[in-house]
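Subject: The structure, and what I found in it

Hi,

Here is the structure I promised to pass on. Please open it alongside this note, and my findings follow just below.

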Amino acid sequence: MFDKSATSISQQIEILKNRGLTFKDEAFAAHQLANISYYRLGEYWYVMQDDKVNHTFKLNSKFEEVMALYNFDRELRFLLFDVIERIEISLRTKLIYHLSHEFNPWWFQNFELFEDSKALVKTLSGLEEELERTKETTIKNHNKKHKDDKRFPPAWKSLEQTSFGSLSKLYGNLKNTIKSKDVIAQEFGAVNHTYLPSWLQSITQIRNYCAHHSRLWNKNLPSTLKLLSKPPYKWITDVPNQNDFQYLYIHLCIMKYLLNNIEPENQFTTRLKILFEKYPNVDPKALGMKPKWEEEELWK
């Protein structure tokens, strides 16, 4: 049976000191540990340990460097959440526009358009819950005005309430014969429906990490990405191999590629460079960043 007692903040600091972590200001450390849990910060000092069994630290390991890693990761999540918001809104807009014109405003309820009926049932069930919870006036007024219409509100109302994950699943589940599926992929620069679903799946996972304040720095990510051999727009020449898809860099490249099509004058590169400059002790290799990544055509 697991048996371990809770420790006070002062005890936590003593444990870390005994294991070799140094502190410039213990009052500062106590304040941080009172607001950011020992266990959460442990994800950032783990790489500083030379003995992962006894948890002893490498020489000259500093608590302040732990906090620098933590704050870098926090600001990285803020940056990516902003980028992903733009991608999400664009995807939502394209789905609503193209599918509603190709079929009708209730296309997302038409099982004949989708490959996996069970998956669609789950997606619609989640959408129903979101619509029941929402306090949006447009939905409440629609339901009041059309109370005898048992369908969901039309796509431009319903899908504004759903998550990026659900939007991604709707797109990926569309039959490959649906014209709009290729049109949307082409507008994003993904050529056809073969590649975009894996990109959206990757971004959805990263969005969830950001939304739930989970660590992104030095994290292994899903490596199901499918890359175009010859992308029609600016891309990278130094492409990571498949084994490196677990690192964040290739996923950042996908986001940048999509964002360049959505908002050509975006500041993603500048903001990412500033973030690395602000935290010079952060090793870009922990994110899988390639040398001189900012000189790639994609990032210019």
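Leaving aside its neighbours within four places in sequence, which residues is Ser100 in contact with? They are Leu95, Pro105, Trp107, Ala155 and Trp156. Before you read too much into any one contact, please keep in mind that this is a predicted model.

**More on Ser100**

Ser100 lies in helix 4, which covers residues 63-102. With the cut-off for buried set at under 20% relative accessible area, Ser100 counts as buried because its relative accessibility is 12%. Its side chain also has a polar partner: one of its polar atoms lies 2.6 Å from the backbone oxygen of Ile96. As a reminder, an α-helix has 3.6 residues a turn, so residues three or four places apart point the same way.

**The overall picture**

The chain has 12 helices and 2 strands. Reading from the N terminus, the order is α-α-α-β-β-α-α-α-α-α-α-α-α-α. The C-alpha trace spans about 70 × 45 × 35 Å along its principal axes.

Of the 300 residues in the chain, 44% are buried. Among contacts with a separation of 6 or more, 69% are between residues 24 or more positions apart. The chain exposes about 16600 Å², and carbon and sulfur atoms supply 49% of that area. As for charge, there are 42 positive and 38 negative charges, and their mean positions are 3 Å apart.

**Helix 11**

Helix 11 takes in residues 248-262. Its 15 residues should span 21 Å at 1.5 Å a residue, and the end C-alpha atoms are indeed 21 Å apart, so the two values agree.

Is this helix mostly covered or mostly open? It is mostly covered, with 12 of its 15 residues buried. Those buried residues include Leu248, Tyr249, Ile250, His251, Leu252 and Cys253, and the list carries on with Ile254, Met255, Lys256, Tyr257, Leu258 and Leu259. You may like to notice that His251 and Lys256 are among them. The cover over the buried residues includes helix 4 (63-102), helix 10 (196-211) and helix 12 (268-278).

**Ala29 in helix 2**

Ala29 belongs to helix 2, which runs over residues 26-35. This alanine has a relative accessible area of 0%, so it is buried. Apart from neighbours within four places in sequence, Ala29 is in contact with Ile13, Phe23 and Phe63. Ala29 and Phe63 are 34 residues apart in sequence, while their C-alpha atoms are 7.4 Å apart in space.

**Towards the two ends**

Thr7 sits in the segment before helix 1 (9-18). It is partly exposed, at a relative accessible area of 36%. Not counting residues up to four places away in sequence, Thr7 touches Gln12 and Ile15. Thr7 and Trp199 are 192 residues apart along the chain, and 43 Å separates their C-alpha atoms.

Glu297 is placed in the segment after helix 12. Is Glu297 buried, partly exposed or exposed? Its relative accessible area is 38%, so it is partly exposed. Leaving aside neighbours within four places in sequence, Glu297 is in contact with Lys234 and Trp235. The C-alpha atoms of Glu297 and His98 are 31 Å apart, with their positions 199 residues apart along the chain.

Lys292 is found in that segment after helix 12 too. It has a positive phi of about 55°, although it is not a glycine. With a relative accessible area of 58%, Lys292 is exposed.

**Two loop residues**

Asn60 is another residue that has a positive phi without being a glycine, here about 70°. It is found in the loop between strand 2 (56-57) and helix 4. Asn60 is exposed, with a relative accessible area of 53%.

Glu112 has its place in the loop between helix 4 and helix 5 (117-133). Because its relative accessibility is 64%, Glu112 counts as exposed. Glu112 and Leu127 are 15 residues apart in sequence and 19 Å apart from C-alpha to C-alpha.

If you would like a place to begin, try Ser100 and the 2.6 Å polar pair with the backbone oxygen of Ile96, then move on to helix 11 and the helices that cover it, including helix 4.

Best wishes

How values were computed
Residues numbered from 1 in each chain as written. Predicted model: local features only at pLDDT ≥ 70, side-chain atom pairs only at ≥ 80, totals over all residues. Heavy atoms only, no water. Helix = DSSP H or I, 4+ residues; strand = E, 2+ residues; numbered from the N terminus. Buried < 20%, exposed > 50% of the residue type's maximum accessible area, 1.4 Å probe, protein only. Contact = heavy atoms within 4.5 Å. Areas by Shrake-Rupley, 256 points an atom, 1.4 Å probe, with all protein chains shown as cover. Lys, Arg positive; Asp, Glu negative; His and termini not counted. Charge placed at Lys NZ, Arg CZ, Asp CG, Glu CD. Expected span 1.5 Å × (residues − 1). Polar contact = N/O pair within 3.5 Å; in protein donor to acceptor, adjacent residues only side chain to side chain.
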